[in-house]
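Colleague: I am new to this structure and would like a close look at a single part, the place where the ligand sits. Please describe what surrounds the ligand, and then add what helps to place that site in the rest of the chain.

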Amino acid sequence: MQKEVVLSGIRSTGFLHLGNYFGAMRNYVRMQDDFDCYFFVADWHALTTHPDTKELRNSVLRVLAENIACGLDPEKACLYVQSHVPEIAELYMLLNMLAYKGELEKTTTFKDKVRLQPQNVNAGLLTYPVLMAADILVHRAFKVPVGKDQEQHLEMARNFAQRFNHRYGDVFPEPVAFNFGESLVKVPSLDGAGKMSKSENQMATLYLADDDELIRKKVMKAKSDSGPTEPNSDKPDYIENLFQLMRLVSKKETVDQFEADYNNCTIRYGDMKKQMAEDMVAFIAPIREKAAAIYADEKYLAEVMQTGAEKARKSAGATLALVREHMGLKYF
Ligand code: TRP
C-alpha cells in the first residue's frame with residue numbers, strides 16, 4: 001500500500017530549542033517510518049524577513065545538521081532545501097493567480113509582519129501563504145505537522161487547492177494539520193511566562209546548541225520561591241513549569257521524589273534545579289555534539305542536499321506535469 005505523504009517546512013532562521021525538539025522534531029522522527037515524509041529547509045521563506053543573505057548558507061547547513069542530529073534520517077525521509085526545487089517556484093507563480101489580494105492582506109502573520117517591519121512590506125511577505133501552499137501541494141501532501149500558529153496558512157493552502165481543483169480538475173488533496181495527539185507537548189519557558197521560543201527571553205530558552213555551562217546557568221536562574229508552607233498545596237504556575245520541564249528529561253523516580261518533597265514541604269528548589277540542570281546537560285550535550293560533527297562534514301551535507309533535491313524534484317516534477325496538463329498549458 002502506498003504510504004500517505006507527510007510534509008513540513010523548517011525555518012532556517014534561529015537555532016533549534018527544546019520547544020522545537022519536543023513540539024515538532026520528535027514527532028517528525030516518529031513519522032519517518034510510517035509515512036512518505038518530506039522535510040525541507042524553507043530558505044526562500046526566510047528572504048521575506050531576512051533580505052541580508054550573508055548568514056544564509058551557514059543557517060541552512062546548521063538547521064540541516066541539527067535536524068539530522070535530532071534523528072531525521074536522510075535515508076528514510078526526503079530531506080531537502082526549498083531553493084533546490086525550482087518546481088516549487090513555478091507552482092507558486094501559478095497559484096498566485098488563484099490567491100486574492102484581500103485574503104492575503106487579512107492573514108494574521110502578514111499583519112504582524114507589517115507591524116514588525118514597516119520599512120519592508122514586500123510582495124513576498126504578502127504571498128508567503130501562497131509559497132507555503134506551493135511547498136505542500138507540489139508533493140500533493142496530505143498531512144502537514146504544524147503548530148497552531150500555522151493553521152491559518154494551512155487553511156489557505158486548502159482553499160487554493162480547492163480553487164484549483166474546481167477550476168482545472170482534481171489534482172490536489174486538501175492538506176490537513178497532523179499531530180500525534182498526545183505528544184503535542186508544551187515546553188514552558190524557564191522564567192515562568194509562556195512557552196520556550198526563539199524571540200522571547202534568551203535566558204529562559206534552552207537551545208540545542210547551548211554549552212553545558214550555559215545550560216546550568218539558565219536552569220539555575222529559573223524562577224522559583226522558598227517552597228510551599230502547606231502540605232499538598234497547589235503548585236504556582238512557574239513551579240508546575242519546572243516539574244513539567246523535569247518530566248521531559250529526568251527519570252520518573254527523580255521527578256516522583258521531588259513531587260513527594262513538594263507535597264511534604266521539604267523541597268529545596270536549589271537541589272531540584274541542580275538535578276534538572278544535570279539531566280538537561282545529559283540530554284542536550286549528545287545532540288549538540290552530534291550536530292556539530294555533522295555541521296563540520298560539508299561533504300556529507302552536500303550529499304544529503306543533493307540526494308534530497310533529486311528525490312523532491314522527481315515528485316514535484318510529476319505534480320507540475322499534471323498541473324500544466326490540467327491547466328491547458330501543454331501546447332504540443
Ligand atoms: N511557515 C512555516 C513556519 O513558519 C514554515 C513552512 C514553510 C512550512 N513552508 C511550509 C510548514 C510548508 C509546513 C508546510 O514555521
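**The ligand and its surroundings**

Modeller: Three elements, β1 (5-11), β2 (36-42) and α8, each give at least two residues to the shell around the ligand. Please keep in mind that this is a predicted model. The shell has 14 residues, and those that come nearest to the ligand are Gly 9, Arg 11, Tyr 128, Asp 135 and Gln 150. By type, the shell divides into 8 nonpolar, 4 polar and 2 charged residues.

Some of these residues reach the ligand with polar side-chain atoms. In the side chain of Arg 11, an N or O atom is 3.1 Å from an oxygen atom of the ligand. For Tyr 128, the partner is a nitrogen atom of the ligand, 2.8 Å from an N or O atom in the side chain. The side chain of Gln 150 likewise has an N or O atom 2.8 Å from a nitrogen atom of the ligand. As for cover, the ligand on its own has 360 Å² of accessible area, and the protein covers 94% of that area.

From the ligand, α8 leads on to another part of the chain. This helix, residues 128-137, is among the elements that cover the buried residues of α4. Others that do so include α2 (43-47), β3 (78-81), α9 (151-168) and α14 (298-327). The helix they cover, α4, spans residues 86-96, and its buried residues are Glu 87, Ile 88, Leu 91, Leu 94 and Leu 95. These residues lie on the same side of α4, because the arc they cover around the axis is only 125°.

Two loop residues are also worth a look for their backbone angles. Asn 232 belongs to the loop between α10 (212-220) and α11 (237-249). Its phi is near 55°, which is a positive value in a residue other than glycine. Asn 232 counts as exposed because its relative accessibility is 57%, and the cut-off for exposed is over 50%.

Cys 265 belongs to the loop between α12 (252-263) and α13 (269-296). Here too phi is positive in a residue other than glycine, with a value near 65°. Cys 265 has a relative accessibility of 26%, so it counts as partly exposed; that class lies between the limits of 20% for buried and 50% for exposed.

Key:
Residues are numbered from 1 along each chain as its sequence is written. This is a predicted model: local features need pLDDT of at least 70, side-chain atom pairs count only at pLDDT 80 or more; totals for chains, interfaces and linings use all residues. Side-chain values use heavy atoms; hydrogens and water are left out. Buried means under 20% relative accessible area, exposed over 50%, partly exposed in between (1.4 Å probe, protein chains only). Helices (H or I, at least four residues) and strands (E, at least two) are DSSP runs, numbered from the N terminus. The arc is that of the directions from the helix axis to the C-beta atoms. Contact means heavy atoms within 4.5 Å. A residue is near a molecule or strand if one of its heavy atoms lies within 4 Å of it. A polar contact is a pair of N or O atoms within 3.5 Å; within protein, one must be able to donate a hydrogen and the other to accept it, and residues adjacent in sequence count only if both atoms are side-chain atoms. Accessible areas come from the Shrake-Rupley method with a 1.4 Å probe; for residues, only the protein chains shown count as cover. Ala, Val, Leu, Ile, Met, Phe, Trp, Tyr, Cys and Pro count as nonpolar, Asp, Glu, Lys and Arg as charged, and the others, Gly among them, as polar.
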